[in-house]
Amino acid sequence: MGIEAWYMDSSEEDQRKPHKLSPPRPVSPEQLQALGVFHWKLNADIYETDPELEQIRKSRGYSYMDIITIHKDKLPNYEDKLKMFYEEHLHLDDEIRYILEGRAYFDIRDREDRWIRIAMTTGDLITLPAGIYHRFTLDETNYAKAMRLFVGEPVWKSYNRPADDFQIRQQYVASLQGS
Ligand SMILES: CSCCC(=O)/C(O)=C/O
Ligand SMILES: [Fe+2]
């Protein structure tokens, strides 16, 4: 099953709203893949023993994992963190997230610098490539529990835009040529 994604409108309204264009402009899984974004749909009810998750982790070297609960009563410095997650940024490594409960949005930039919104619901595992500009927000339900995966020791540092001089950014942009 694919993941739902669409081009965003430019309204300044609440970030938690869907922000679909009218008429909507959906983005296909193939278009996401061309930007380096990959998705799996898993059974989050069995995440602790899921052989499919194990297989993905093994084959891709996702040795590290932890779980983050994004809710005002559970996450220390909730408001500050949400603000930080919604600042446009990049990382030096892939961002790999698996939604175990609840819902959220990842927004990514396409080649022409337009925002694409990716709707993450329970069971969605996504990888965003190192160097892609992106941001994250809860939706109007204000709750998500997510597994964070990483190759080796995690590095959480994010670099807010502009970060165009980073080698990883240049590598990412170069990887889009011809794809
Ligand atoms: C779903 S985990 C919180 C978001 C995050 O870590 C990040 O880097 C968003 O881009
Ligand atoms: Fe990020």
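**View 1. Strand β5 (residues 95-109) is joined to strand β7 (residues 124-128) by four bridges, and the two run antiparallel.** Strands here are DSSP runs of E with at least two residues and helices are runs of H or I with at least four, both numbered from the N terminus, and two strands count as paired if DSSP finds at least two bridges between them. This is a predicted model, in which local features need pLDDT of at least 70 and side-chain atom pairs count only at pLDDT 80 or more, whereas totals for chains, interfaces and linings use all residues. Residues are numbered from 1 along each chain as its sequence is written, while chains are lettered from A and ligands numbered from 1 in the order in which they are written. Within the pairing with β7, R97 stands opposite I126.

**View 2. β5 also pairs with β6, β8 and β9.** Seven bridges link β5 to strand β6 (residues 115-121) in an antiparallel arrangement, and in this pairing Y105 stands opposite A119. The same two strands, β5 and β6, form a hairpin with five residues between them, and D113 in the turn has a positive phi of about 70°. The antiparallel pairing of β5 with β9 is made by six bridges, with Y98 opposite M147 of β9, and that of β5 with β8, likewise antiparallel, is made by five, with F136 in β8 as the bridge partner of F106.

**View 3. Ligand 1 is surrounded by residues among which β5, β8 (134-138) and β9 (144-150) each contribute two or more.** The shell consists of I68, F85, E95, R97, H134, R135, F136, A146, R148 and S158, a residue being counted if its C-beta atom, placed from the backbone, lies within 6 Å of the ligand. Three of these residues come from β8, which gives the largest share. By residue class, the shell around ligand 1 divides into four nonpolar, two polar and four charged residues; here Ala, Val, Leu, Ile, Met, Phe, Trp, Tyr, Cys and Pro count as nonpolar, Asp, Glu, Lys and Arg as charged, and the others, Gly among them, as polar.

**View 4. H89, H91, E95 and H134 are listed by UniProt, in an unreviewed entry, under "binding site".** The UniProt positions are given in the numbering used here, with feature names shortened, and such annotations may be inferred rather than shown by experiment. Although the four listed residues are spread over 46 residues of sequence, they cluster in space, the largest C-alpha distance being 11.4 Å. H91 lies in the loop between β4 (89-90) and β5, and H91 is classed as buried because 20 other C-beta atoms lie within 10 Å; the term buried requires 20 or more such atoms within 10 Å of the residue's own, exposed means 12 or fewer, and partly exposed covers the range in between, with C-beta atoms placed from the backbone. Not counting residues up to four places away in sequence, H91 touches A130 and S158, where contact means that the C-beta atoms, placed from the backbone, lie within 7 Å. E95, in strand β5, has 22 C-beta neighbours inside 10 Å and therefore also counts as buried.

**View 5. The largest nonpolar core has 31 residues, and those with the most contacts inside it are F106, I108 and I118.** Such a core is a set of buried Ala, Val, Leu, Ile, Met, Phe, Trp, Tyr and Cys residues joined through C-beta atoms within 7 Å. The elements giving two or more residues to this core are β5, β6, β7, β8 and β9, and the largest share, eight residues, comes from β5. Leaving aside neighbours within four places in sequence, I108 is in contact with L35, V37, I116, I118, L128, I132 and H134. In soluble globular proteins, nonpolar side chains tend to be buried together.

**View 6. Two cis peptide bonds are shown, from S22 to P23 and from R161 to P162.** Omega is near -5° for the bond between S22 and P23, and P23 lies in the loop between β1 (5-7) and α1 (29-34). For the bond that joins R161 and P162, omega is about 10°, and P162 is placed in the loop between β10 (159-160) and α4 (167-176).

**View 7. H19 and N142 have positive phi values in residues other than glycine.** Phi of H19 is near 55°; H19 is part of the loop between β1 and α1 and counts as partly exposed because it has 19 C-beta neighbours inside 10 Å. Phi of N142 is near 55°, in the loop between β8 and β9, and N142, with 15 other C-beta atoms within 10 Å, is partly exposed.

Key:
Contact = placed C-beta atoms within 7 Å.
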